[in-house]
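Dear colleague,

Please find below the structure that I am handing over to you. My findings follow it.

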Amino acid sequence: MNRFLLPLSIFVVVVGFLGIGLTLNPREIPSPLVGKAAPEFSQPQLYDQEKIFSSNDLKGKVWLLNFWASWCNGCKTEHPVLMDLAKSGQVTIYGMDYKDQRDEALTWLQRGGNPYSVIGVDEVGRVGINFGVYGVPETYVIDKQGVIRYKQIGPLYPDTVEKKILPLVKQLESE
Amino acid sequence: MKWVMLIILCVSGSAWAGEARPLTDDPAAEARLKHLAVELRCLVCQNQTLADSNAPLAEDLRREVREMIAKNMSDQEIIEFLVARYGDFVLYRPPLKATTTVLWVGPFVLMAIGATALVMTLRRRSRTVAEVSVTDEEHRRVEQLLAEGEKRS
């Protein structure tokens, strides 16, 4: 009996580590930008290309910045969630159309609806790089001082919105 | 019809020529980009370096690095630019920090545990081997068996 105790305990430890490994998502890389000032940007707007969407206009507000694209699959999953969140009026969502074709982006919004207050266009993906975006959709919660307080990698689900985004937004509004 | 084919062949021939363009016109800058890009991880296909990957993000990041090289930024500054945005994850050689100690020290700890276990087992084994004593009766029997074996062969 004693002979099997050591191999068995090693086995249990290894299985434990592998089990933890299975629950981790290697795609979710912790962002060094959470807790730091959001990068500044000034991008042309999607609808009115003459106008500029600038991060400076949003100082003193709590807002969501959602990177999306019409070619992105996760964005399809996320879209109804964003629509519901926008309708609830609990937080303003701003969009960044990431490396997209303008006409396709417009068609996408016409079909699924537009949850965004303003949409900026990041045609070459430079704003994305400054925000550390490595796959759309990604959503950032930015506070009144312009500091990134939360980053969602991948699509937003109703669960994430209820449990993480909305409580955080409420807390930030009262700060 | 043959003429049409010939024209198509000629036209398409010129299109191929554009594929294997050098990354920049300046060979020194290109060498620096290569040298940097093999040290950096592509975030989309995580087991490839920035140099190997064809993911659109890797292409964009190579473009950024190329522009920073053109601006005469040092390797250190370029790496800091990327780490500030994507974290230590982009580095294939993570720095020694509080959060990465397990990564750096872990293998040596495991090796020490293994070596100790090996030494302990070997010692225990040599002790058990030494403790075996042969009685005169057993000794005689061994001799007898060996002698029998010799006769048979």
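The notes below cover chain A, the core, the contact between the chains and the domains of chain B.

This is a predicted model, in which local features need pLDDT of at least 70 and side-chain atom pairs count only at pLDDT 80 or more, while totals for chains, interfaces and linings use all residues. Residues are numbered from 1 along each chain as its sequence is written, and chains are lettered from A and ligands numbered from 1 in the order in which they are written.

Chain A contains 5 helices and 7 strands (DSSP runs, H or I of at least four residues for helices and E of at least two for strands, numbered from the N terminus). Their order from the N terminus is α-β-β-β-α-β-α-β-α-β-β-α. The C-alpha atoms of chain A fill a box of roughly 80 × 40 × 30 Å along the principal axes.

Of the 175 residues in chain A, 37% are buried, that is, have 20 or more other C-beta atoms within 10 Å of their own, with C-beta atoms placed from the backbone. The largest nonpolar core (buried Ala, Val, Leu, Ile, Met, Phe, Trp, Tyr and Cys residues joined through C-beta atoms within 7 Å) has 58 residues. A:Leu64 and A:Tyr140 have the most contacts inside this core.

Chains A and B each give 13 residues to their contact (C-beta atoms, placed from the backbone, within 7 Å). On the side of chain B, α3(B) gives the most, with 5 residues.

Chain B is divided into domain 1 (24-95) and domain 2 (99-152), with bounds from an automatic or database domain assignment. Their C-alpha centres lie 52 Å apart.

Yours sincerely

Technical notes: Contact = placed C-beta atoms within 7 Å. Buried ≥ 20, exposed ≤ 12 C-beta atoms within 10 Å, placed from the backbone.
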